[in-house]
Structure formats: C-alpha cells, structure tokens
Amino acid sequence: MKAVTWQGKRKVEVDTVPDPRIEEPTDAVIRVTTTNICGSDLHLYEVLGAFMSPGDILGHEPMGIVEEVGSEVTNLKAGDRVVIPFQVSCGGCFMCGHGLFSQCETTQVREYGSGAALFGYSKLYGSLPGGQAEYLRVPHAQSTHIKVPDGPDDSRFVYLSDVLPTAWQAVEYADIPEGGTVTVLGLGPIGDMAARIAHHHGARVIGVDLVPERLARAQARGIETIDLNGTDGELGDRIRDLTDGRGTDSVIDAVGMEAHGSPVAKFAQTAAGLLPSAVAEPLMQKAGVDRLAALYSAIDVVRRGGTISLSGVYGGATDPMPMLTLFDKQITLRMGQANVNRWVPEILPLLTDDDPLGVDTFATHRLPLSEAPHAYDIFQRKVDGAVKIQLEP
Ligand SMILES: NC(=O)c1ccc[n+]([C@@H]2O[C@H](COP(=O)([O-])OP(=O)(O)OC[C@H]3O[C@@H](n4cnc5c(N)ncnc54)[C@H](O)[C@@H]3O)[C@@H](O)[C@H]2O)c1
Ligand SMILES: [Zn+2]
Ligand SMILES: [Zn+2]
C-alpha cells in the first residue's frame with residue numbers, strides 16, 4: 001500500500017510499504033478514505049525527530065471503512081463506516097472507566113513513561129504505524145473506533161478523530177463561567193475549533209494569532225480577534241483593556257511547544273535537532289525545553305483565580321515556570337491529550353445538516369495522499385491559505 005513516511009527533519013515521503021494485517025484477535029484493519037494532517041504532526045516534522053525512525057508511517061486522524069476484524073472484535077464488521085481516535089484505548093481498564101482514554105493502562109507506553117499509545121507518533125507513544133496510508137491496523141478495535149452513519153461526506157465526521165474532542169476538552173477544562181470570557185491563543189485548527197465551541201456555548205471569545213487568514217476565519221464566525229503582530233509585546237494589556245482591567249476568566253493555549261516568540265528555546269530545539277538521535281533523545285528527555293511564549297502569555301492574560309487549559313502539546317523536561325505568578329494569581333492549570341471517546345457522545349448531536357460548528361467547510365485543502373510532502377510544507381509554512389488539510393488515499 002501507499003503510506004506517508006517520516007524520513008528526517010522536514011522530510012516526508014510517500015512510499016510503498018507492506019499492507020497491514022490482523023495480528024491480534026483484538027485488531028481491525030480499515031481502508032482509509034480521509035486522513036488529516038495535524039499541528040501535532042508538525043512537531044514530529046520539526047523538533048521531535050529524535051524519537052522517530054526513517055520509514056515510520058505518520059498520521060492519526062483517519063476515517064474509513066472496516067475491511068476485516070479479529071475474532072474478539074464483536075461490535076464491528078466489514079463494511080462499517082468508522083472514525084479512528086488518535087489514541088488506542090482498551091475501554092475496560094481503570095483509566096478508560098474514568099473517561100481518561102488517553103491514559104489507558106493497557107496501552108500506556110511504560111518504557112518512556114508515556115500515556116496511551118498514539119497512532120503514528122514516535123517511540124514515545126508506542127511506534128504504531130499511523131493513518132496517513134491506504135490501510136490502517138487498529139489495535140484494541142473494540143474500543144478504538146467511533147461508528148458513524150453513511151450519508152454525509154467524510155468532512156462531517158473525520159474531525160472526531162482529534163480536532164473536535166481536543167477542542168471540546170480544551171473548552172471543558174477551561175471551566176469558563178456562565179456568560180464568561182475566554183482568550184484562545186493560536187487559531188490553527190485546534191484553536192479555531194475551540195473558539196467555535198466556546199462561542200457556541202455562549203462565551204465571549206477573544207482569539208489571538210499572527211496569520212492573517214487564520215484571524216479572518218475566526219472573525220467570520222463572530223469571534224473577536226487580536227493580531228499578535230500588532231501588540232508590541234503587550235498582549236496582556238490589550239486583553240485587560242477589553243475586560244475591565246482583569247483579563248479573561250479562562251485562557252486556552254492552542255499553540256504548544258513551537259510558539260512564535262521564544263528565540264532561546266528555538267535555538268535549543270534546533271540544536272537538538274541537528275544531533276544524531278542517540279545523543280538527542282536522552283538530551284530531549286532530560287533537558288528538553290519548549291518555546292514557552294504562548295504559555296507565558298496565557299499566565300499573563302488570565303484573570304486572578306482563572307483557569308488555563310493547555311491543549312497545545314508540550315514536551316520539555318526542564319521548562320522554567322513562573323511559580324510566583326501562578327501561585328499569586330491563584331491560577332488553575334489543566335492539560336493533556338484529549339480523551340477522545342469521552343467527548344464523542346456530546347459532540348455527535350452537533351454534527352447535523354445545519355452544521356453549527358462549520359465542520360463541512362473546515363478543511364482548506366483536500367489533496368491526494370501522493371501530495372503529502374507538498375501538504376506538509378504548505379501547512380508548516382502557513383502559505384496557500386493552508387489551515388486544515390485532508391489527504392485522500
Ligand atoms: N491535546 C491534544 O490532544 C492535542 C490534539 C491535537 C493537537 N494538539 C496540539 O495543539 C496545538 C495546535 O494544533 P493545530 O493543529 O491547531 O496546529 P497549528 O500549528 O496549525 O496551530 C498553532 C497556531 O498557533 C499560532 N501561534 C504561534 N505562536 C503563537 C503565539 N505566541 N501566540 C498566539 N498564537 C501563536 C500559529 O500561527 C498557528 O496558527 C499543537 O501543539 C498540537 O500539537 C493537541
Ligand atoms: Zn491530530
Ligand atoms: Zn484502557
């Protein structure tokens with residue numbers, strides 16, 4: 001089959017690789033019909049290469065049609081239409097029982113001290129082949145799927161794999177009071193969708209980014225926006241001016257470890273990226289640092305007693321945190337990989353023909369899988385209006 005493989009920093013390829021097959025009685029194999037590129041894939045493309053091996057299949061936002069199921073998968077059959085969550089969960093352990101599917105105790109990657117295994121996401125998360133491919137093997141398929149109805153185009157449902165539950169959890173964890181305010185830092189797919197969900201729930205939303213068409217997309221849906229480029233380093237003051245001098249009740253950080261505006265950490269990340277994996281991997285695990293500009297903005301912008309919800313991915317082991325401010329402002333901080341299946345029942349009722357969250361038109365590009373190298377390039381450089389890209393195998 002054809003699959004998108006990681007080859008090195010900023011280098012992906014479309015290769016021919018062996019078809020996946022059922023290896024365990026708990027597996028299923030699906031034929032992929034749509035598979036997205038995610039901001040999380042950009043971290044592998046740029047700064048997390050130490051944990052990848054050339055030839056690893058990327059991707060964790062697929063949907064398609066079940067081809068074959070193992071003997072222990074009783075709730076799926078060939079021909080079913082499914083979306084595959086980005087994490088593998090067993091559905092039966094203590095964590096799954098608490099709705100913490102991204103912490104599944106059956107699939108946790110203990111060798112690296114990581115949570116649940118993720119598709120196509122480096123050895124830190126189990127080295128599982130990803131979903132940017134014609135076919136995907138789905139372990140623990142009994143729990144690791146979302147069945148969706150036939151009819152609407154893939155766009156209606158494909159974001160259940162990641163964008164929708166991640167944005168939903170970001171809003172839940174932000175704990176915005178009734179009629180309250182939230183700043184959303186970063187208007188990539190995750191921040192854009194989180195802004196839409198918070199707005200749909202009735203919050204006043206202020207979205208921040210520095211890419212003109214991303215700001216425009218949010219504005220078009222009634223979100224107030226601030227262009228970071230025009231703030232002269234005074235984003236906190238701008239937002240306090242808009243909120244009776246206090247800052248917003250909540251802040252969602254949908255930027256993560258590669259934030260714009262952190263030159264020292266950018267240098268450290270780049271330097272680690274130039275080292276051979278054998279040296280870079282232990283270094284990143286013990287002494288890695290993130291680019292913390294967005295997180296520091298969040299701490300500044302949130303009002304006293306407010307809540308910060310991090311959905312942007314961080315991976316530094318020694319990040320300096322302003323404990324004085326966090327403690328003094330009495331800030332609540334929540335974060336983590338989204339627990340996909342936890343939120344699906346709440347989201348599904350919004351995926352209707354009137355499309356309140358705008359999923360049908362959310363993708364800016366739909367390209368053949370063979371154009372993945374171009375797609376990664378324009379998504380990373382934020383050119384050609386690329387905000388969310390679907391690949392079609
Ligand atoms: N928690 C989860 O389960 C989960 C799931 C999916 C994605 N993510 C993470 O969410 C983050 C966003 O993903 P995405 O797909 O939207 O990616 P993206 O890279 O397209 O979006 C990031 C956006 O942040 C903007 N930005 C950069 N620096 C900024 C700053 N200092 N202030 C404000 N905005 C800034 C960029 O211009 C960009 O639009 C990534 O870190 C990704 O890994 C987390
Ligand atoms: Zn994703
Ligand atoms: Zn589990």
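**Entry 1: ligand 1**

I started at ligand 1 and found that domain 1 (2–162 + 339–392) and domain 2 (164–335) each give at least three residues to the shell around it. I keep in mind that this is a predicted model.

Which residues come nearest to ligand 1? I looked through the 34 residues around it and noted Gly 39, Ser 40, Gly 186, Gly 188 and Gly 256 as the nearest. Next I asked which elements give two or more residues to this shell: they are H1, helix H5 (189–200), strand S9 (204–209) and helix H10 (293–301). H1 gives the most, with 4 residues. I also sorted the shell by residue type and got 17 nonpolar, 14 polar and 3 charged.

**Entry 2: the two domains**

With both domains present at the ligand, I went back to how the chain is divided. Domain 1 takes 2–162 together with 339–392, and domain 2 takes 164–335. I noted 24 Å between the centres of the two domains, going by C-alpha atoms.

How many residues are in contact across the two domains? I have 26 from domain 1 and 28 from domain 2. On the domain 1 side, helix H1 (39–46) and helix H12 (340–347) each supply at least two residues. The largest share of that side comes from H12, with 5 residues. I sorted that side by type too: 13 of its residues are nonpolar, 7 polar and 6 charged.

So H1 goes into my notes twice, once for the shell around ligand 1 and once for the side of domain 1 that touches domain 2.

**Entry 3: H7 against H10**

H10 was already on my list from the ligand shell, and I wanted to see how it packs with helix H7 (residues 235–242). The angle between the two is about 35°, and their axes are 9 Å apart. Is the crossing left-handed or right-handed? I have H7 and H10 down as right-handed.

Then I wrote out the residues that meet. H7 brings Leu 235, Gly 236 and Ile 239, while H10 brings Ser 297, Asp 300 and Val 301. By type, this contact divides into 3 nonpolar, 2 polar and 1 charged.

**Entry 4: the whole chain**

Last, I stepped back to the full protein chain. I count 13 helices and 15 strands in it. Its C-alpha atoms fill a box of roughly 60 × 50 × 45 Å along the principal axes. I checked the radius of gyration as well: the chain has 20 Å, and a compact globule with 393 residues would have one near 21 Å, so the two agree.

Technical notes: Residues numbered from 1 in each chain as written. Chains lettered and ligands numbered in written order. Predicted model: local features only at pLDDT ≥ 70, side-chain atom pairs only at ≥ 80, totals over all residues. Domains from an automatic or database assignment. Contact = placed C-beta atoms within 7 Å. Nonpolar A, V, L, I, M, F, W, Y, C, P; charged D, E, K, R; others polar. Near = placed C-beta within 6 Å. Axes fitted to C-alpha atoms, helices over the stretch in contact; angles between N-to-C directions. Left-handed = near helix turned anticlockwise from the far one by under 90°. Rg over C-alpha atoms; globule rule 2.2 N^0.38 Å.
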